[in-house]
Amino acid sequence: QVQLVESGGGPVQAGDSLRLSCAGSGPTFSNWAMGWFRQVLGKEREFVGSISRSGGTTSYADSVKGRFTISRDNAKNTVYLQMNSLKPEDTAVYYCAGRLGLRTTMAGTYQYWGQGTQVTVSS
């Protein structure tokens, strides 16, 4: 069974930083492309960023480019989302996701999902 668990969310002030972690299970973690998504109640799940299986390449949504950084440590079965210069618009539930194959920006193509962690940014 594959399981992803996010952690690190919480309430912060605008301009602060947070690092989210996503811990995965199973011996095939290094074969998964990973993505981060976020969702506000009543809105569609939004792509944040993705990282290749090896961690060598990343991509980001324009809204977070230059502020957020994705990394992974396959030895620890963990992917990270470093969030700097947080804005109130970043408030959402953040989800990590994994898929076998190439990374994509489409939530529907990811097979494995965590339950999410709440990030609330106050002005």
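Here is a short tour of the chain above, from its overall build to a few individual residues.

The model is predicted. Its protein chain has zero helices and 11 strands. A cluster of aromatic rings made of Phe37, Phe47, Tyr95, Tyr110 and Trp113, and a largest nonpolar core of 29 residues, are two good places to start looking.

**Overall build**

- Going along the sequence, the strands give the pattern β-β-β-β-β-β-β-β-β-β-β.
- The radius of gyration is 13 Å, close to the 14 Å that the globule rule gives for 123 residues, so the chain is as compact as a globular protein of that length.
- If you want a feel for the dimensions, the C-alpha atoms fill a box of roughly 40 × 30 × 25 Å along the principal axes.
- Of the 123 residues in the chain, 41% are buried.
- The accessible surface is about 6300 Å², and carbon and sulfur atoms account for 49% of that surface.
- Taking contacts between residues at least 6 apart in sequence, 57% of them join residues at least 24 apart.

**The nonpolar core**

- In soluble globular proteins, nonpolar side chains tend to be buried together.
- Here, the largest nonpolar core counts 29 residues, and those touching the most other members are Met34, Trp36, Phe68, Val79, Leu81, Met83 and Tyr94.
- Strands E3, E4, E5 (46-51), E7, E8, E9 and E11 (117-122) each give two or more residues to this core.
- Leu81 is a handy residue to click on: beyond its neighbours within four places in sequence, Leu81 is in contact with Leu18, Arg19, Leu20, Trp36, Val48, Phe68, Thr69, Ile70 and Tyr94.

**The aromatic cluster**

- The structure holds seven aromatic pairs.
- One of these pairs joins Phe37 and Trp113 in a tilted arrangement, with 5.2 Å from centre to centre and 50° between the planes.
- Phe37 belongs to strand E4 (residues 32-39) and Trp113 to strand E10 (residues 112-113), so this pair ties together parts that are 76 residues apart in sequence.
- The two partners are covered to differing extents: Phe37 is buried, at 1% relative accessible area, while Trp113 is partly exposed, at 26%.
- Trp113 also pairs with Tyr95, this time edge-to-face, with the centres 6.4 Å apart and 75° between the planes.
- Because Tyr95 sits in strand E9 and Trp113 in strand E10, the second pair ties together parts 18 residues apart in sequence.
- Tyr95 has a relative accessible area of 14%, and therefore counts as buried.
- Ring pairs link Phe37, Tyr95 and Trp113 into a cluster that also includes Phe47 and Tyr110.

**A charge over the rings**

- Arg45 is worth displaying alongside the cluster, since Arg45 lies over the face of Tyr95 at 3.8 Å from the ring centre.
- The charged end of Arg45 also sits over the ring of Trp113, 4.7 Å from its centre.

**A buried serine**

- Ser21 is found in strand E3 (residues 18-24).
- With a relative accessible area of 16%, Ser21 is buried.
- Leaving out residues up to four places away in sequence, Ser21 touches Val5, Glu6, Ser7, Trp36, Thr78, Val79 and Tyr80.
- Trp36 and Val79 on that list are also among the core residues that touch the most other members.

**Loop residues to look at**

- Asn77 has a positive phi, near 55°, in a residue other than glycine.
- You will find Asn77 in the loop between strand E7 (68-73) and strand E8 (78-83).
- Ser85 likewise is not a glycine, and its phi is positive at about 50°.
- Ser85 lies in the loop between E8 and strand E9 (92-100), and its 41% relative accessibility makes it partly exposed.
- Thr105 is in the loop between E9 and E10 and is partly exposed, with a relative accessible area of 48%.
- Apart from neighbours within four places in sequence, Thr105 is in contact with Phe37 and Phe47, two residues of the aromatic cluster.
- Thr105 and Gly55 are 50 residues apart in sequence, and their C-alpha atoms are 16 Å apart in space.

Key
Residues numbered from 1 in each chain as written. Predicted model: local features only at pLDDT ≥ 70, side-chain atom pairs only at ≥ 80, totals over all residues. Heavy atoms only, no water. Helix = DSSP H or I, 4+ residues; strand = E, 2+ residues; numbered from the N terminus. Buried < 20%, exposed > 50% of the residue type's maximum accessible area, 1.4 Å probe, protein only. Contact = heavy atoms within 4.5 Å. Phe/Tyr/Trp six-rings, centres within 6.5 Å; stacked < 30°, edge-to-face > 60°. Lys NZ or Arg CZ within 6 Å of the ring centre and 35° of its normal. Core = buried A, V, L, I, M, F, W, Y, C linked by side-chain atoms within 4.5 Å. Rg over C-alpha atoms; globule rule 2.2 N^0.38 Å. Areas by Shrake-Rupley, 256 points an atom, 1.4 Å probe, with all protein chains shown as cover.
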